[in-house]
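Below are some notes on the charged side chains and the overall build of this chain. Please read them with the structure open.

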Amino acid sequence: MFHFDKDREWKVGELLRALQRELLPEYGEGEARAMSRLIFHHLKGWNATELIINEDRPVSEYVVEKVNEILKRLLTGEPLQYVLGEARFYGMDLKVSPAVLIPRPETEELVDLIVHENPGQDLRVLDVGTGSGAIAIALSRNLPFSQVTAIDISSDALRIARENASALHARINFLHEDVFRYEPAAESFDIIVSNPPYIAESEKKDMERNVLEHEPAQALFVSDSEPLIYYSRIAEIGRNALLPGGRLYFEINPLFADDLRKMLESEGYVDVRIIDDISHRPRFAAAVRPEK
């Protein structure tokens, strides 16, 4: 059954506003407007200006059917990025599915931090838990002549990451590895970066339904008893795999920022920093393997 009558002669502006009205109760005015524009961009390739220019243009029956399909899924709480099969990250369109996390704006800030602090060339980079490949691909495209390696335990995630890298002409060495068993060669990287699982199980009660029901739990959650388990292991890898003076970068849970700083210092790292995101929350950590 169609939500919007496919036999009616719709115009672009009419259908756009009708879609916004249907999304409004679930998502709020601003989000409903943004989502509607993204849907039309996905279906027609139009930006906001082109939507206005084409406002009086008739809409095909096919587009009405697709809008109905998308709306039905959105009203169940399924994230728009999974519905469309793509997400925008660092100026790139990435393929996504429920096998990978949807890239977040905060993670773009992490990429910015790394790019701005590492202006050199030929850097060797390791991305741990690459997911869709978002960080690895962004760094490959923005660090001149870099050599990027990316690992993940999920073969489904690696398939998507490889497709994204291929589509964006990024040369990345993807490896199917478990971080708790991975042993890279000594002093083989200038930078190790990770956005690992960092949400404590006890935080689930405060999270949005669309995240809990649709995004991969293994990429999100850690036990309350070991919230730094991934960070500790990656720090251990970095002690051997980073070159002297090499840098470690993390996206972090603000709740554990102080504990993470102490752990990195206890592991022998220097210049340990906790860095706020644009919302003034402690969201990133950086540390340096000391020179010999």
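How much area does the chain expose, and what share of it do carbon and sulfur atoms supply?

1. The exposed area is about 14600 Å², and carbon and sulfur atoms supply 48% of it. Accessible areas come from the Shrake-Rupley method with a 1.4 Å probe; for residues, only the protein chains shown count as cover.

2. This is a predicted model, in which local features need pLDDT of at least 70 and side-chain atom pairs count only at pLDDT 80 or more, while totals for chains, interfaces and linings use all residues. Residues are numbered from 1 along each chain as its sequence is written, and side-chain values use heavy atoms, with hydrogens and water left out.

3. Of the 292 residues, 47% count as buried (under 20% relative accessible area; exposed is over 50%, partly exposed in between; 1.4 Å probe, protein chains only).

4. The whole structure holds 22 salt bridges (a side-chain nitrogen of Lys or Arg within 4 Å of a carboxyl oxygen of Asp or Glu). One of them joins Glu163 and Lys95, with the closest N and O atoms 2.6 Å apart. Glu163 lies in helix H8 and Lys95 in strand E2, so the pair ties together parts 68 residues apart in sequence (helices, H or I, at least four residues, and strands, E, at least two, are DSSP runs numbered from the N terminus). Glu163 is partly exposed at 34%, as is Lys95 at 36%.

5. Asp206 and Lys205 also form a salt bridge, the closest N and O atoms being 4.0 Å apart. Both Asp206 and Lys205 are exposed.

6. Salt bridges link Asp258, Arg261, Lys262 and Glu265 in a network.
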